[in-house]
Structure formats: C-alpha cells, structure tokens
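This report describes the overall form of one protein chain and then turns to two of its residues. Please keep the sequence and the structure in view while reading.

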Amino acid sequence: VVTFAGNTALRTGSNTVSVTVTAASGVKKVYSVSVVVAKSSNTDLSALFVNGLSVSGGAVTLPPRTSLAVVKAVPVDPEATVLVSGTSLVSGLNTVNVTVTAPDGSSRVYPVAVTVTPLSSNTSLSVFTVAGQSVVDGGTVNVANRTVSVPVVAVAADAEAVVTFAGNTALRTGSNTVSVTVTAASGVKKVYSVSVVVAKSS
C-alpha cells in the first residue's frame, strides 16, 4: 500500500513530501522528497495612497501647509515588504520614495512627486473704501474741514491675507496719508496709500 502526504498547501521555500510504502508483511518504508517553491520576485503595488489621495501617474498634490506625507502602499505579494522615505514635506515639489522588496530580495523604487501647494501671494483687495468712497492705490479723497478721522473698509481678496491700516485718525487740515497694508499668506506684503485732503476753513 502506498500513501503520501505533504504535496498540498505548499509554501514558499522548502516543503517535504512523504511517500509511505507498506509491504504485505507490514514492513513500512518512508521516502521523503524536498519540494522547493521559489520565492516571489513580484515588486508590484496594488494600491498607493498619499494622505488619503490615490497616486496617479506617480504624482499627487496636497494642500498648503502640509508637512508630512502619510503613505499607504499595498504590495501585490503579501510577503513583500515596503519601506517609505522622504515623508517630511516643504512647500513646492517633494519626492517621496516607496521601495518594495520582494521575497526573493529583488526590489523596486517608486518615486512619488508630492507637490505641496504654495501659500497664496495674493495681496489684492476686493473692497477698498475711505470715508465711504471707493478708492484705488494712489487715489485722493476730499473731506470737510475739521474732519479728524475717516472710516476705512479694506477687504482682502484672499481670505487668508491679513489687512491692517494706519493714518485714518488724527487728521489735520490739508493732505493726510492713509496706508493699508495687505500681508498675503506667503508673507508677501503690499501697501496701498490714499491721500485724504481735509478742506481748509472758509
């Protein structure tokens, strides 16, 4: 009688297949054979995400101020290992490397171009009025004698820009300069100046 075992559920590496021969007298002899299943050389990825975004064409764009790349790389071969480097990000273009090492030791590097959107340099104003009048940089507003202050409304076109102004109080007869400074999210500044002319007494 011949029976055998170990020829199924083979795993990568060495597996033992045993054949047992039982003679009519009851004497048994076991024949053993090593079946070596080659290790996989598969370095493919089934999925690659950076900060939850699927990587398309080896590139991904992230929002401003993103400082860290969180990478999820899923190898096709579950026995492959993944190593990620270059996850600290700066504004602009960054390269994150994903290295997949197959069970047989072969490896492949997937470079991912990660662009962190630069902060806006928009210093424009969507609304700019002085003493209730719409003005532009370098414009002039005439007000009545004895006017000592004027209201200034300055709204940045970019919600992240910061607007400050000066010179709209303690006005004196004659020409006064009202300055509006817009600081963009990137740190770029622009100063808008308007002359406020207080009329002389009649």
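The radius of gyration of the protein chain is 37 Å, whereas a compact globule of 202 residues would have one near 17 Å. This value, like those that follow, comes from a predicted model. Taken along the principal axes, the box filled by the C-alpha atoms of the protein chain is roughly 140 × 25 × 25 Å.

As for secondary structure, the protein chain contains 17 strands and 0 helices. Among contacts between residues at least 6 apart in sequence, 47% join residues at least 24 apart.

The surface may be considered next. Of the 202 residues of the protein chain, 30% count as buried. The accessible surface comes to about 11,900 Å², and carbon and sulfur atoms account for 55% of that area. The protein chain carries 12 positive and 7 negative side chains, with 9 Å between the centres of the two sets.

Two arginines deserve individual attention. Arg65 has a positive phi although it is a residue other than glycine, and Arg146, which is not a glycine either, also has a positive phi. The table gives their values.

| Residue | Phi | Loop | Relative accessibility |
|---|---|---|---|
| Arg65 | near 70° | between β6 (59–62) and β7 (71–75) | 56% |
| Arg146 | about 75° | between β13 (140–143) and β14 (152–156) | 74% |

Are these residues buried or exposed? Arg65 counts as exposed because its relative accessibility is 56%, and exposed means over 50%. Arg146 is likewise exposed, because its relative accessible area is 74%.

How values were computed:
Residues are numbered from 1 along each chain as its sequence is written. This is a predicted model: local features need pLDDT of at least 70, side-chain atom pairs count only at pLDDT 80 or more; totals for chains, interfaces and linings use all residues. Side-chain values use heavy atoms; hydrogens and water are left out. Helices (H or I, at least four residues) and strands (E, at least two) are DSSP runs, numbered from the N terminus. Buried means under 20% relative accessible area, exposed over 50%, partly exposed in between (1.4 Å probe, protein chains only). The radius of gyration is taken over C-alpha atoms; the globule rule is 2.2 Å times the number of residues to the power 0.38. Contact means heavy atoms within 4.5 Å. Accessible areas come from the Shrake-Rupley method with a 1.4 Å probe; for residues, only the protein chains shown count as cover. Lys and Arg count as positive and Asp and Glu as negative; His and the chain ends are not counted. The place of a charge is taken as NZ of Lys, CZ of Arg, CG of Asp or CD of Glu.
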